[in-house]
Amino acid sequence: MALKLTSTDVTDGSTLPDAQVYAKGNTSPQLSWSGAPDGTKSFAVTMYDPDAPTGSGFWHWTVANIPASVTSLPSGAGSGKGGLPQGAVQGRTDFGKAGFGGAAPPPGPAHRYIITVFAVDIDRLEVTDQDSGAVYGFQLQFHTREDSWRKEACEVKDECRLPAL
């Protein structure tokens, strides 16, 4: 059985709801997964925009060290609304702080947001709340047993853009 990722908040291939847009709800989506391979000791979740005009994409969410007994995260778990399991750690997004940061593409074509759950072969990745998505990704390259992803889009509208500082 292959690792499968589902959500009650986002639908693969569709536009992200306002709740997952930075300037609207800025709420991490509900996620559930099943079919983890034997030997899975923990899980990690990421949300990444490969279309951001940075040369390296944009990390919107990284969370690791989710115990193997956990198979879902409630809506808002990454947004400080509770629901992250004990021991889980969220990394620093490209917004500059730990936790979920919603879609906020600049004007231009729609961006893809790739949400991935990783089945990890160790209990704890050596990551902190100060580590970037690149560090989480580096650690996951060496410890992923299997992954499953969903691809969402955010059309370029005013409500999808990062507010001016």
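These are my notebook entries on strands, nonpolar cores and aromatic pairs in a predicted model.

**Entry 1: strands E3 and E7**

I began with strand E7, residues 111-120, and found it mostly covered, with 9 of its 10 residues buried. I then looked for a pairing of this strand with E3, residues 42-49, and the two run in the antiparallel sense over 7 bridges. To fix the register I looked up Val45, whose bridge partner in E7 is Val117.

**Entry 2: Ser42**

Is Ser42, a residue of strand E3, buried or exposed? I noted a relative accessible area of 1%, and because the limit for buried is under 20%, Ser42 counts as buried. Next I asked which backbone atom the side chain of Ser42 reaches. The partner is the backbone oxygen of Ile122, at 2.7 Å. Leaving aside neighbours within four places in sequence, I listed the contacts of Ser42 as Asn65, Ile66, Pro67, Ala68, Phe118, Ala119, Val120, Ile122 and Asp123.

**Entry 3: the nonpolar cores**

I turned to the largest nonpolar core, which holds 21 residues, and noted that Trp33, Val45, Trp61, Ile66 and Leu73 touch the most other members. Strand E2 (31-34), E3, strand E4 (58-67) and E7 each supply at least two residues of this core, and the largest share, 4 residues, comes from E7. As background I wrote down that in soluble globular proteins nonpolar side chains tend to be buried together.

For Val45 I also took the contact list, again without neighbours within four places in sequence: Leu31, Trp33, Trp61, Thr62, Val63, Ile66, Leu73, Thr116 and Val117. Apart from the largest core lies another one, of 9 residues, and I recorded Ala44, Ala64, Val89 and Val120 as being among them.

**Entry 4: Asp38**

For a residue outside the strands I chose Asp38, in the loop between E2 and E3, which counts as exposed at 70% relative accessibility. I checked the separation of its C-alpha atom from that of Ala119, which is 9.5 Å, although the two residues are 81 residues apart along the chain.

**Entry 5: aromatic pairs**

How many aromatic pairs does the model contain? The count comes to 6 aromatic pairs, and I examined two of them, Tyr48 with Trp59 and Phe58 with Phe95.

The ring centres of Tyr48 and Trp59 are 4.6 Å apart and the planes stand at 45°, so I entered this pair as tilted. Since Tyr48 lies in strand E3 and Trp59 in strand E4, the pair ties together parts that are 11 residues apart in sequence. On accessibility, Tyr48 is partly exposed at 21%, whereas Trp59 is buried at 18%.

The pair of Phe58 and Phe95 is edge-to-face, with 4.9 Å from centre to centre and 70° between the planes. I placed Phe58 in strand E4 and Phe95 in the loop between strand E6 (89-90) and E7, so the pair ties together parts that are 37 residues apart in sequence. Phe58 is buried, with 17% relative accessibility, while Phe95 is partly exposed, with a relative accessible area of 23%. Finally I asked which residues form one aromatic cluster with Phe58 and Phe95. The cluster consists of Tyr22, Phe58 and Phe95.

Note on methods. Residues are numbered from 1 along each chain as its sequence is written. This is a predicted model: local features need pLDDT of at least 70, side-chain atom pairs count only at pLDDT 80 or more; totals for chains, interfaces and linings use all residues. Side-chain values use heavy atoms; hydrogens and water are left out. Buried means under 20% relative accessible area, exposed over 50%, partly exposed in between (1.4 Å probe, protein chains only). Two strands pair if DSSP finds at least two bridges between them. A polar contact is a pair of N or O atoms within 3.5 Å; within protein, one must be able to donate a hydrogen and the other to accept it, and residues adjacent in sequence count only if both atoms are side-chain atoms. Contact means heavy atoms within 4.5 Å. A nonpolar core is a set of buried Ala, Val, Leu, Ile, Met, Phe, Trp, Tyr and Cys residues joined through side-chain atoms within 4.5 Å. Rings of Phe, Tyr and Trp (its six-membered ring) pair if their centres lie within 6.5 Å; planes under 30 degrees apart count as stacked, over 60 as edge-to-face and the rest as tilted.
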